[in-house]
Structure formats: C-alpha cells, structure tokens
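Welcome, and thanks for taking a look at this one with me. Below are some friendly notes to read alongside the model.

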Amino acid sequence: MPDTKRGRERKGRTKREQRRRYEIEQALEARDRDLDFEELYEGAELELEVQ
C-alpha cells in the first residue's frame with residue numbers, strides 16, 4: 001500500500017492521542033502517590049536532622 005499524506009497525518013494524530021493519554025495517566029498516578037504519602041504521615045510530627 002502506498003504511503004499517503006492522509007495516512008501519515010492519521011497515524012500522527014493517533015500517536016499524539018496515545019501520548020496525551022499516557023501523560024494524563026502518569027500525572028494522575030503521581031498525584032495519587034503524593035496523596036498517599038501525605039496521608040501516611042498525616043498527624044505525625046517529623047523531625048529533620050541537618051548534618
């Protein structure tokens with residue numbers, strides 16, 4: 001099958017959509033990890049030692 005501009009554009013659109021979904025997924029997972037970390041130490045007093 002010959003390579004066409006329409007086909008390349010369609011493939012590019014699909015790749016952009018996949019990339020967008022991947023980035024959104026990664027952002028949501030990172031936010032969930034941040035929330036879990038905050039909940040883990042909620043109400044606890046932490047002392048940081050500086051050396």
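1. A definition first: a residue is called buried under 20% relative accessible area, exposed over 50%, and partly exposed in between. Arginine 8 has a relative accessibility of 45%, so this residue counts as partly exposed. Please keep in mind throughout that the model is predicted.

2. Now the overall picture. The secondary structure consists of one helix and zero strands. The helix is α1, covering residues 5-40. The protein has 51 residues, and 0% of them count as buried. About 5700 Å² of surface is exposed, with carbon and sulfur atoms supplying 49% of that area.

3. How many salt bridges does a search of the whole structure find? The count is five. As general background, side chains of opposite charge can pair when their charged atoms come close. The next points visit some of these pairs.

4. Let's return to arginine 8, whose side chain meets that of aspartate 3 in a salt bridge, at 3.0 Å from N to O. Is aspartate 3 buried or exposed? Its relative accessibility is 60%, and the cut-off for exposed is over 50%, so aspartate 3 counts as exposed. This salt bridge therefore joins an exposed residue, aspartate 3, to a partly exposed one, arginine 8.

5. Another pair is glutamate 9 with lysine 5, where the salt bridge spans 4.0 Å from N to O. Both residues lie in helix α1, four residues apart, which is about one turn of the helix. Lysine 5 is exposed, because its relative accessible area is 57%. Glutamate 9, at 43% relative accessibility, counts as partly exposed.

6. Further along helix α1, glutamate 17 and arginine 20 are three residues apart, again about one turn of the helix. Their salt bridge brings the closest N and O atoms to 2.5 Å from each other. Both partners count as partly exposed: arginine 20 has a relative accessibility of 43%, and glutamate 17 has 31%. Which residues are joined into one network by salt bridges that share partners? They are Glu17, Arg20 and Arg21.

7. Finally, please have a look at the charges on the surface. Arg6, Arg10, Arg13 and Arg16 gather there in a patch of positive charge. One member of this patch, arginine 6, is located in helix α1. With a relative accessible area of 61%, arginine 6 lies over the 50% cut-off and so is exposed.

8. To recap for a first reading: the model is predicted, with one helix and zero strands and 0% of residues buried. The points to trace on the structure are the salt bridges, five in the whole structure, and the positive patch of Arg6, Arg10, Arg13 and Arg16.

Conventions: Residues numbered from 1 in each chain as written. Predicted model: local features only at pLDDT ≥ 70, side-chain atom pairs only at ≥ 80, totals over all residues. Heavy atoms only, no water. Patch = residues over 30% accessible without salt bridge, like charges linked within 9 Å, V, L, I, M, F, W, Y side chains within 5 Å. Areas by Shrake-Rupley, 256 points an atom, 1.4 Å probe, with all protein chains shown as cover. Lys, Arg positive; Asp, Glu negative; His and termini not counted. Charge placed at Lys NZ, Arg CZ, Asp CG, Glu CD. Helix = DSSP H or I, 4+ residues; strand = E, 2+ residues; numbered from the N terminus. Buried < 20%, exposed > 50% of the residue type's maximum accessible area, 1.4 Å probe, protein only.
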